[in-house]
Amino acid sequence: MILITVFLILSLKIQSQESGIYKYSVGDFEFIYYGNGYSYLIPHTARSFINAQNAHKKIFDYQQKGKISVFVNDFSDFGNGGAVALPFNFVMFCVNPFDNIYENMPSNERMIWLASHELTHIVMCDKPGASENFFRNIFFGKPINDNTNPLSMIYSYLASSRWYSPRWFHEGIAIFMETVMNGGSGRMLGGYDEMVFRTMVLDNSKFYKPVGLETEGSTIDFMVGANAYLYGARFVSYLASNFGVEKLMDFYTRSDSSYGFFASQFKKVYGIDIQTAWDNWIDFEHKFQNENLEIIKKNPITKQIKITDKILGSASRQFYDKKRNSIIAAINYPGKLAHIAEINLSNGSIREIVPVMSPRLYFVTNMAYNESSGTIFITENNNNFRDLVMIDIESGDIIKRNNFQRFGEPVINKIDQSLWGVRNYNGRSIISRILPPYENVEEFYTIPFGYQFFDLDISPDGKLLSGTYADPNGIQKLIIFKINDIVQGKNQFEEIYEFEDNTAS
């Protein structure tokens, strides 16, 4: 037994050494990261969090107690983040570029943007009033609720009341702060949110009430969890615009004189209950968007021919197959698993070709189509390390699956049948190519950190690679590379157009 115990201890020690888990401590933060692949980002990330923390201390009169642990990882091809404040303060985020589809995540340099957003969650849940301080002393900290013991929720609430607020409450102020603290580059002023609510008014769609948003609005609705961000940001924007930022800060800042229950504090600050204010916002939104729609109606609208009456939900890039007279795309709508579909242009019928495993919310999957061979290229496992899958359009059979390629934005070069795209890992994007028979990835140009390259396309003659190039200021440009130059190690590109105050999406 002693020998077995010694063997286990030695094994764990060896595994720990091989895993390469590192810690970098500075100020009130402990940064934990895995491996050296993105260690170059840690000092910059630390400065970003310290700068954001200093701003939050000033704005919310927040005094940090103890360390905030930040787990920096490369566990997904797309950047993301999250924060919890119970039983201790913890932030985690992935270092890779954000998903820029439809400008749903407008930002400038992503580390300071993430720090601004996630630390807002920490402040909202960790900053105590007099009652929380009292119970934290009794409980020796901030208890987290235990699902097997319902009483634990009461203890947890007494020590951290604001944690038990609806998600729209938390995401609304975090989106407000991410935008204000980064010069207006954030979802509060993004075009995607505006488009969503304008379309809802145009279509006379249902607006969720606060309770409905937390139940039906985050389960059966097409936008699922994203609704908390959309509604929260829009409602907070309405409050700031109509009643001022000072009142908004009074509502959100926890202090000895404020209420722990968010709804009571809202009534104290604004003089009305949240439901009434929410109804007033919905009325305002309809009036505001109808005025915008009237302006739009003054301009001629391009004539359209409806192919199908079915609402297809989110969709990938679409491809027209002239020989089959059909559109090939990945679609995802409620009540049906995400799948690759062939939409017949003659009669509007839809043929399901193959399911898409682990789709993305807004664009389902990265997709390319080789019309000459009838081969569909898609990515699966889209929320982690993307797989590259080749599918026969006729049978739906998988021709080849290359797991964990981390290869996205695929486009076909019709001249040599090569597949070009971008690999995301260790915080960087790399322009890459896969030659037939599509087994090995060649990497050519590593985009500098802070920049992104997406929405790729290749000219019909196979000589030019175009795409959208985003810089750390959030500015997007249309650029063109010469493919021969890329292959030869030349990284110059030609800037075609800069999108002012909007994006290429």
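1. Contacts of threonine 120. In this predicted model, threonine 120 touches His56, Ile173, Ala174 and Met177, when residues up to four places away in sequence are not counted. The residue belongs to helix α3, which comprises residues 110-126.

2. Burial of threonine 120. The relative accessibility of threonine 120 is 0%. Because buried means under 20% relative accessible area, threonine 120 counts as buried.

3. Polar partners of threonine 120. The side chain of threonine 120 is joined to that of histidine 56 by a polar contact of 2.8 Å; histidine 56 is also listed among the residues that threonine 120 touches. In addition, a polar atom of the threonine 120 side chain lies 2.7 Å from the backbone oxygen of serine 116.

4. The sheet β19-β20-β21-β22. These 4 strands form an open sheet in the order given, and their pairing is antiparallel. The edges are occupied by β19 (452-458) and β22 (494-499); each has a single partner strand, so one side of each is left without a neighbour in the sheet. On average, neighbouring strands of this sheet are turned by 25° against each other, direction ignored.

5. Pairing of β20 with β21. Strands of a sheet pair through backbone hydrogen bonds, in either a parallel or an antiparallel manner. Here, strand β20 (residues 464-470) pairs with strand β21 (residues 476-482) in the antiparallel sense, over 7 bridges. One bridge involves threonine 468, whose partner in β21 is leucine 478.

Definitions and conventions. Residues numbered from 1 in each chain as written. Predicted model: local features only at pLDDT ≥ 70, side-chain atom pairs only at ≥ 80, totals over all residues. Heavy atoms only, no water. Helix = DSSP H or I, 4+ residues; strand = E, 2+ residues; numbered from the N terminus. Buried < 20%, exposed > 50% of the residue type's maximum accessible area, 1.4 Å probe, protein only. Polar contact = N/O pair within 3.5 Å; in protein donor to acceptor, adjacent residues only side chain to side chain. Contact = heavy atoms within 4.5 Å. Pairing = 2+ DSSP bridges. Axes fitted to C-alpha atoms, helices over the stretch in contact; angles between N-to-C directions.
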